[in-house]
Amino acid sequence: METDLLLGLAAFAFASSVTPGPNNMMLMASGANFGFRRTLPHMLGVALGFVAMAVLVGLGLMQVFARWPILHDILMVVSVAYLLWLAWRIANAAPKTAEAGARPMTFLEAAAFQWVNPKAWTMALTAVTVYAPDRSLAALAAVALIFGAINLPSVGSWAALGVLTRRALTTPARLRLFNRAMALLLVASLWPVLAPSAW
């Protein structure tokens, strides 16, 4: 892959990883509710789960959608329904999460979540189409390595931001308000990927 293409891929990986989306809203909420250390498996699941997804998209999933377009529509409906359910859970989280028995998302849950995250699908399809059009192993490896190196610190910054807001969330009412705001932002983050031009 040429240097210009690699730089373009790095810029795309950063812009798409650091901007608000379902992963980042959930990581911010997790950082605020559970702290940075307990959110680490969630962050790793997002970063590595997306890398695996991008590689698998490049190895053949794009052809599946091309052959059976209805699968794309089914995926969108399931993804949106799942994200709305997650938003409801965040909005209704107990103010004292640890005492209520709540826990942060695990590594495997976060990795699996990438498959129902519309923004992750958009990122993976765009990365493979634009930066690995021949779908060679070398091009897919470059996409995976660039995203792997950039995605983790990008999503980690959202968890850290959540930890910083934790200092202001000293009362149950403030934490409840924060969780509801995060739930609304999670729902709002669906708009850019649900717009007809996004797919």
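Leaving aside neighbours within four places in sequence, which residues is alanine 111 in contact with? I began with this question, and I note that the model is a predicted one.

**Entry on alanine 111**

I found that alanine 111 is in contact with Gly45 and Gly49, once its neighbours within four places in sequence are left aside. I located alanine 111 in helix α5, which covers residues 107-113. I then looked up the C-alpha atoms of alanine 111 and leucine 48: they are separated by 6.8 Å, although the two residues stand 63 residues apart along the chain. I recorded a relative accessible area of 15% for alanine 111. Buried means under 20%, so alanine 111 is buried.

**Entry on arginine 135**

I next turned to the loop between α6 (118-131) and α7 (137-166), where arginine 135 is found. I noted that arginine 135 has a positive phi of about 55°, although it is not a glycine. I looked up its exposure as well: arginine 135 is partly exposed, with a relative accessible area of 31%.

**Entry on the cavity**

I searched for enclosed space and found one cavity of 30 Å³ or more. The largest cavity has a volume of about 100 Å³. I listed the residues closest to its centre, among the 16 that line it, as Ser16, Ser17, Asn23, Met123 and Asn151. I saw that the elements giving two or more residues to this lining are α1 (3-18), α2 (22-34), α3 (36-67), α6 and α7. I sorted the lining by class and obtained six nonpolar, nine polar and one charged residues.

Definitions and conventions: Residues are numbered from 1 along each chain as its sequence is written. This is a predicted model: local features need pLDDT of at least 70, side-chain atom pairs count only at pLDDT 80 or more; totals for chains, interfaces and linings use all residues. Side-chain values use heavy atoms; hydrogens and water are left out. Helices (H or I, at least four residues) and strands (E, at least two) are DSSP runs, numbered from the N terminus. Buried means under 20% relative accessible area, exposed over 50%, partly exposed in between (1.4 Å probe, protein chains only). Contact means heavy atoms within 4.5 Å. On a 1 Å grid over the protein atoms alone, a cavity is a set of points where a 1.4 Å probe fits but cannot get out, and a pocket is an open set with protein on both sides within 12 Å along at least five of seven lines; lining residues have an atom within 4 Å of a point. Grid points are joined across faces, edges and corners, and a volume is the space filled by probe spheres set on the points. Ala, Val, Leu, Ile, Met, Phe, Trp, Tyr, Cys and Pro count as nonpolar, Asp, Glu, Lys and Arg as charged, and the others, Gly among them, as polar.
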